[in-house]
Amino acid sequence: MPPRHASAPVGRTASGPPLLIGREPETEQLLGIVEGRPGLPRALLVLGASGIGKTRLLRLAEDAAAAARTRVLATRGWDAETGQPFATLHQLLAPVRGELDALPWQQRQALRAVTGTAAHARRADRTAVRLALPALVDRLAQAGPLLLAVDAVQDCDAASLDALFFMARRLSDPRVTLLIAARGTMPPAGAPDDLAVLRLGPLALHDAARLLDAQPGAPTGRTRLEVLREAAGNPLAIVELCRVTGRGHGPAGPGGEPWPTASVRSLFDARVAALPKVTRRALLYAASAHCPEELPAVMSALGTDDLRVWAPAEAAGLVALTCSRLEFADPLLRAVVRLAHPMALRQQAHRDLAAAGGHHPAHRSWHLAAATVGPDASVAARLEEAADPALREGSCFDAARAVEEAARLTPPVPHGADRARRLAKALALAGAAGDPAWVRDLYADFTRSNRDPELQCVAACATSAALSLLSFQREAFGLLLDAWRRTPPRSAVTALVMTAVATGVAHRSGLPQHHRQVPGMVRRAVRTARHAAGRHRTPKAPDKAPGAASGAAGVLAFLDGLVPAGHSAPGVFPAVGALAAPRTPTARPERSRGRAAVVRLIAAASAAYHADEHDLCAEQYRRLREPLRSCGAVGLLAWILPAHVDTLLGIRRWAEAGALIEEGLSHAAVHRLTRLETDLEALATTLRALRGASTPDPQRSGSASAALSLDENRATHALMLRAEGLAALARGDAESAFRSFRSLFADDGSPLDPYLSPRCVAELAAAARRTGRQREAARVLREVRIAQGPRPSTRMTLLMHHATALLDETADPERHFRLALVDPEADTWPLERARARLHYAIWLRRHRRPLEARGQLTAVLEVAARLGSSDLAASARGELRATGVADSPRAPAQALAELTPQQQQIVRLAAGGLSNREIGEQLFLSPRTVSTHLYKVYPKLGISRRHQLRDLLHER
């Protein structure tokens, strides 16, 4: 038998069973089948491409069965034995050969022929074997549970497969489980029509990144992203490519692939070698192409338009042709095909592809670069030009890779300045693409090549922003400040961007020494910008700066987009917004184009965020999101996402906030953005707490925060403390809530974060009221009031009135409650207003004014139902009972809000007419589990029959 190939490593659930990374639902389903959970099939066919994880899933099922004292019979098909009858069945039944005597004579003889020599197997009666196999399985099951596992059935001999499928059709004993795995997307010929099928597709990108990071010596930077792209979600490809790149044999240049190991080549070598020479050559050209759409260019380079050249490869299952696309069946096959040809032929393929018509001009540049040995100034220039189309087509990564390769191909003499400029541009693009490790690699190369002070500032900006995303705020600010002092920026744009990045880093760090440096940088940037504006108004002023400054103009224009949103010191972004604003007052933002529009939107969104103009802020961020997504600017998205999500949480757009959190966490996993991951995990906890969930999400590992220094990431620390405080309030732990909210302020009342900390003053007051700490919280409130100055925002005014009503013993509580509620703008933050109403109602009830309290509480219940906040709804109902109102049937929205997310999903599917079995198949649950959930939720929803669910949801 061939060796079993290693696959993905596993994690573990909280209860202990191992789970494949990225395959948690599928693993749970297979473990449920092995455990015999009701409602799950007893026979399952697992389908998928090579290396997708089929074998590993079967091994996990076998191990789980063995641990549960289930007897396991396992085997796999082998293509070398496909012509030998019953070869697979021989291997499967070998361990039970001694137990055949318990069968009737005819069945015993049939199976002895199968388990004997090859000559006996050839003479075996196929019909007798088909009838004897189910009898043997039933006999074995009498002694206890039995698992039959057959892998790679596409390589099984026809006789064994026929017998196995015959048994699968007649499998009735609940103690017997049959698991079959096959390569491909369709069941093998002869498979029962009713056989349950589990199809494995590629891993999601964030799961692929998790798997990559779990490998020993996993690559970083550009190589890491290339491995993820090349592997295309195939677990075996990820593991094998990591092994190669971990040994230092990374991509071989533009269009090159890491060379796979011998064990992987053995999967394809024989199949490729069996192809005709003309087909092997065609595969080489296809493997050298850059995308499936290049098929017309490949045919042109081959010098033929006859698609029959691909027929042998299609018949072997190596490629698939559809219209003008050609796709390899396995991501590793591309590298294997290239490796099968010498370097000279590979270069010739790239030259022919570059000369062929019918493909993208940028791809032609890549082919020229791949065929080039050593520096070449003309090829480098063409490759740099390829970056612009890549950006327009939505790939910052491809643009950065093209410019980096252009720098590599640039001769050091006499083009050293061009090389440094290209490296600085690659730095900016890599930073926008969102890979800090790649930026750090490029910066080390750049510093060895650069002699231009202005480019040094540009590179420092990109690198500082990347370091900040990695959570290294001290290093980020130190790098930027060092460049500012050693080589002060001459350009107004450079000075402005450096100031903006420094401001963002200072806010993220929260360190006083960083904040002290920012005002001086702001003043200098504004002076530089005003001087430049005055100079450009002079008729004699040149349109462009000469020399190296003009060479850096493209880089500086792109770096305009690195101005971080939502992370400024007071007074900075108004200046940024004014300087970036259109010259004419009538210019409309939607008419503007390009990077300048992005800068204006970032400045406007940041100013709105800090001024508590959240509706405007959300709209600006929404307009920013699409252009940044369209060019793959994950690095810029990472800067704005936390502030955007926080804005949406405040204005009740929780579903949108949840979607952005999931999107951002995926980006954070792929690009290893530690700070972004921690911020979003804290915001996810905040969202759960606002909805009333008091327990942490089991899917949130919290590993990112463990690797982050909170001392130099105080803005992130503030997000975490707020999340902890809200979660504690949701579970009724006022003591823990007070500690968390109090930690948002120093002993003297100064805020940990100048924006987030004051916004939590009402929650601090509520926790203080419940724990008897009013005086301590009142001191903090006084400091907040002083820091906000004479003209606080509307939101802060309302929050301070709410806190004052709860804390200030000398003030009139009712007056401040009314001031916290009377402003119609308070509806912008409905949850904060509802909490103020709740506390006002409690005050009214305690002052023997129950009728007025009931009016406030009714409004609170309406808001809680609309927002889906079960915690707020429960508090309001409790207070209503205290005012003498008996429990009344709850509105459908209120009742549904109190269910768990899984229960809500089950209710909606049941209301749609699905049976318990159908619901279980969708959610990987047994019908009995679905039934139990429904039994529990009926009383909560105020119904007693299944048909009432549809009416309930219709009312909602």
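The paragraphs below go through the predicted model, from the whole chain to a sheet, a helix pair and two loop residues.

The protein chain has 956 residues, of which 55% count as buried. Its secondary structure comes to 50 helices and nine strands. When contacts are restricted to residues at least 6 apart in sequence, 68% of them join residues at least 24 apart.

Five of the strands make up an open sheet. Read across, the order is β4-β5-β6-β3-β7, and the pairing is parallel. The edges are taken by β4, residues 71-76, and β7, residues 196-199. Each of these two has a single partner strand, so one side of each is left without a neighbour in the sheet. From one strand to the next, the twist averages 15°.

Strand β3 covers residues 43-48 and is joined to β7 by four bridges, the two strands running parallel. Within this pairing, L45 of β3 stands opposite V197 in β7. The pairing of β3 with β6 is also parallel and consists of six bridges. Here L45 has I180 of β6 as its bridge partner, and G48 has R183 of β6. L45 can therefore be followed across the sheet in both directions, to V197 in β7 and to I180 in β6.

How many residues of β3 are buried? The count is six of six, and the strand is mostly covered. The burial applies to both faces: A43, L45 and L47 are buried on one side, and L44, V46 and G48 on the other. In β6, which spans residues 176-183, seven of the eight residues are buried, so this strand is largely enclosed by the rest of the structure. On β6 there is also a parallel pairing with β5, made over five bridges. One facing pair in it is A149 with L179 of β6.

Helices lie against this sheet. Helix α1, residues 24-35, lies across β3, β6 and β7 and runs at about 145° to β6. Helix α6, residues 126-141, also packs on the sheet, where it touches β4, β5 and β6. The direction of α6 makes about 135° with that of β5, the strand of residues 146-151.

Later in the chain is a pair of packed helices. Two packed helices are described by the angle between their axes and the distance between the axes. For helix α40, residues 774-788, and helix α41, residues 794-807, the angle is about 155° and the axes are 10 Å apart. An angle over 145 degrees counts as roughly antiparallel, and that makes α40 roughly antiparallel to α41. The crossing of the two helices is left-handed.

Which residues make the contact between α40 and α41? From α40 they are Q774, A777, A778, L781, V784, R785 and Q788. From α41 they are M796, M800, A803, T804, L806 and L807. By type, the residues of this contact divide into nine nonpolar, three polar and one charged.

Two loop residues remain, both picked out by their backbone angles. Most residues other than glycine have a negative phi. A152 is not a glycine, yet its phi is positive, at about 50°. The residue lies in the loop between β5 and α7, the helix of residues 158-169. R848 is likewise not a glycine and has a positive phi of about 60°. The loop that holds R848 runs between α43, residues 830-846, and α44, residues 850-867.

Are these two residues buried or exposed? The relative accessibility of A152 is 4%, and a residue under 20% is called buried, so A152 counts as buried. For R848 the relative accessibility is 76%, so R848 counts as exposed, the cut-off for that class being over 50%.

Note on methods. Residues numbered from 1 in each chain as written. Predicted model: local features only at pLDDT ≥ 70, side-chain atom pairs only at ≥ 80, totals over all residues. Heavy atoms only, no water. Pairing = 2+ DSSP bridges. Axes fitted to C-alpha atoms, helices over the stretch in contact; angles between N-to-C directions. Contact = heavy atoms within 4.5 Å. Parallel < 35°, antiparallel > 145°, perpendicular 65-115°, else oblique. Left-handed = near helix turned anticlockwise from the far one by under 90°. Nonpolar A, V, L, I, M, F, W, Y, C, P; charged D, E, K, R; others polar. Buried < 20%, exposed > 50% of the residue type's maximum accessible area, 1.4 Å probe, protein only.
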